[in-house]
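Hi everyone, thanks for coming. I'd like to walk you through a structure that is new to most of us, so have a look at it while I talk.

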Amino acid sequence: MHELAITQAAVNAIRQRMGDAPIRTVTLEIGALAGVVVDSVRFCFEVVVDGTPLQDAVLEIVEPPGRARCRDCAREFVVEEPRIPLCPVCGGANLSVLGGQELRIKSVEVQGECAQPADARTTPESG
Ligand SMILES: [Zn+2]
């Protein structure tokens, strides 16, 4: 199970970095084209963090949309499906992916650290 291995690796990386500090929030960035099922990651996270300093952590997942650019007609477009389609403008298959393949730990928030002021949010609620 692909997602379990990915989730386990992310949790291991966080524990290595944060030690035994209790974690409040974990934010993962999983692009639409990363080939990872976000719902599965959420489920695996609950299993993997059980009994660790992350067990009370809230998992937040940011999902950047897929974006590609056609090398033939230079048009950029959004890719909504998990696989790269043909160019919707010219039908070309000569595409370069610009975004949506992200798969990383975006941020980790430790419990008990000074709370950030409410206006320090960096993620707008758009999209
Ligand atoms: Zn094209």
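Before anything else, some vocabulary: two strands pair if DSSP finds at least two bridges between them. The strands themselves (E, at least two residues) and the helices (H or I, at least four) are DSSP runs, numbered from the N terminus.

Now the small print. This is a predicted model, where local features need pLDDT of at least 70 and side-chain atom pairs count only at pLDDT 80 or more, while totals for chains, interfaces and linings use all residues. Residues are numbered from 1 along each chain as its sequence is written, and side-chain values use heavy atoms, with hydrogens and water left out.

Okay, the overview. The protein chain has two helices and six strands, and along the sequence they come in the pattern α-β-α-β-β-β-β-β. Of its 127 residues, 33% count as buried. Buried here means under 20% relative accessible area; exposed is over 50%, and partly exposed is in between, using a 1.4 Å probe and protein chains only.

Let's start with the sheet made of S4, S3 and S5. The three strands sit in the order S4-S3-S5, the sheet is open, and the pairing is antiparallel. S4 and S5 are the edge strands with a single partner each, so each has one side without a neighbour in the sheet. On average, neighbouring strands here are turned by 35° against each other, direction ignored. For angles like that, axes are lines fitted to C-alpha atoms, for helices over the stretch in contact, and in general angles run from 0 to 180 degrees between N-to-C directions.

What does S3 pair with on either side? Four bridges join S3 to S5, and S3 also pairs with S4 over four bridges. If you want to find these on screen, Arg67 has Gly99 in S5 as its bridge partner. On the S4 side, Gly66 stands opposite Val79, and Ala68 is partnered with Phe77.

As a reminder, in a regular strand the side chains alternate between the two faces of the sheet. Look at S3 with that in mind: Gly66, Ala68 and Cys70 are on a covered face, whereas Arg67 and Arg69 are on an uncovered one. The hairpin of S3 and S4 has five residues between the strands, and Ala74 there takes a positive phi near 65°.

That brings us to the metal. Which residues hold the zinc ion? They are Cys70, Cys73, Cys87 and Cys90, each through SG, at 2.3 Å. A donor, by the way, is an N, O or S atom within 2.8 Å of the metal (3.2 Å for Na, K and Ca), and water is not among the atoms, so sites may look incomplete. The angles between the four donors are 105 to 119°, which makes the arrangement tetrahedral. The rule is that four donors count as tetrahedral if all angles lie between 85 and 135 degrees. Along the chain, the donors are spaced as C-x2-C-x13-C-x2-C. One pair links distant parts of the chain: Cys70 is in strand S3 (residues 66-70) and Cys87 is in the loop between strand S4 (76-79) and strand S5 (95-99), 17 residues apart. Both Cys70 and Cys87 are buried.

Next, the other sheet. It's open too, with three strands in the order S2-S1-S6 and mixed pairing. Strand S2 (58-62) and strand S6 (103-110) are at the edges with a single partner strand each, so one side of each has no neighbour in the sheet. The twist averages 20° from one strand to the next. Strand S1 (residues 23-30) and S2 pair in the parallel sense over five bridges; one place to spot this is Val26, whose bridge partner in S2 is Leu59.

Helix H1 (residues 2-18) packs on this sheet, touching S1 and S6, and its direction makes about 45° with that of S6. Contact, throughout, means heavy atoms within 4.5 Å. Helix H2 (residues 38-48) lies across S1 and S2 and runs at about 160° to S2.

One residue to click on in H1 is Thr7. Is Thr7 buried or exposed? Its relative accessibility is 1%, so Thr7 counts as buried. Setting aside residues up to four places away in sequence, Thr7 touches Val41, Cys44, Phe45 and Val48.

Last stop: Gly19, in the loop between H1 and S1. Gly19 counts as partly exposed because its relative accessibility is 33%. The C-alpha atoms of Gly19 and Pro53 are 8.4 Å apart, with their positions 34 residues apart along the chain.

That's my tour, so over to you.

Conventions:
Four donors count as tetrahedral if all angles lie between 85 and 135 degrees; four count as square planar and six as octahedral if opposite donors are over 155 degrees apart and all others between 65 and 115; anything else is irregular.
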